[in-house]
Amino acid sequence: MGVKRGTNWYLDYNGNGAWDGCVIDRCYTFGLPTDIPAVGDWNNDGYTEIGVFRNGSWYLDYNGNGLWNGCTTDRCYTFGLSTDKPVAGNW
């Protein structure tokens, strides 16, 4: 599980259901405070990566490093309207 607070992501990396700090669990800064968080296996490696939905555009941490590296390394897509809610899945 995890939460997005502003631009910060706090992820329960070890899966124990408790916050153990950024060394054991994971802390990332990704997106803008108003972005809607989205998660999925963006690069089909079997692991969940973070992403955000903003005004009809998706910004996905394609390489899974928890940082925004631009649209050529990570991925940017326009899919939806600014009023839409994001839905991710293995369709």
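A disulfide is defined here as a pair of cysteine sulfur atoms within 2.5 Å. By this rule, the predicted model contains two disulfides. In chemical terms, a disulfide is a covalent bond between the sulfur atoms of two cysteines. This briefing describes both links and then turns to two pockets, the largest with a volume of about 470 Å³ and the second largest with a volume of about 400 Å³.

**Disulfides**

- Cys-22 is joined to Cys-27, and the sulfur atoms of this pair lie 1.7 Å apart.
- The link of Cys-22 and Cys-27 is left-handed, with -80° about the S-S bond.
- The second disulfide joins Cys-71 to Cys-76, with 1.8 Å between their sulfur atoms.
- The disulfide of Cys-71 and Cys-76 is left-handed because the torsion about its S-S bond is about -80°.
- When the bonded cysteines of the protein chain are numbered in sequence order, the pairing reads 1-2, 3-4.

**Exposure of the bonded cysteines**

- A residue counts as partly exposed when its relative accessible area falls between the cut-offs of 20% for buried and 50% for exposed.
- Cys-22 has a relative accessible area of 45%, so this residue is partly exposed.
- Cys-27, at 28% relative accessibility, is therefore also classed as partly exposed.
- In the other disulfide, Cys-71 has a relative accessible area of 45% and is partly exposed.
- Cys-76 has a relative accessible area of 26%, and so Cys-76 is partly exposed.

**The largest pocket**

- The volume of the largest pocket is about 470 Å³.
- This pocket is lined by 21 residues, of which Leu-11, Tyr-13, Tyr-28, Thr-48 and Glu-49 are the closest to its centre.
- At least two lining residues come from each of strand 1 (2-5), strand 2 (8-11), strand 3 (26-29) and strand 5 (49-54).
- Strand 1 supplies the largest share of this lining, namely three residues.
- By residue class, the lining of the largest pocket consists of nine nonpolar, six polar and six charged residues.

**The second largest pocket**

- The second largest pocket has a volume of about 400 Å³.
- Its lining is made up of 13 residues, and those closest to its centre are Trp-42, Ala-88, Gly-89, Asn-90 and Trp-91.
- The lining of the second largest pocket divides into eight nonpolar residues, four polar residues and one charged residue.

Conventions
Residues numbered from 1 in each chain as written. Predicted model: local features only at pLDDT ≥ 70, side-chain atom pairs only at ≥ 80, totals over all residues. Heavy atoms only, no water. 1 Å grid on protein atoms, 1.4 Å probe; cavity = no way out; pocket = protein on both sides within 12 Å on 5 of 7 lines; lining within 4 Å. Points joined across faces, edges and corners; volume = space filled by probe spheres on them. Helix = DSSP H or I, 4+ residues; strand = E, 2+ residues; numbered from the N terminus. Nonpolar A, V, L, I, M, F, W, Y, C, P; charged D, E, K, R; others polar. Buried < 20%, exposed > 50% of the residue type's maximum accessible area, 1.4 Å probe, protein only.
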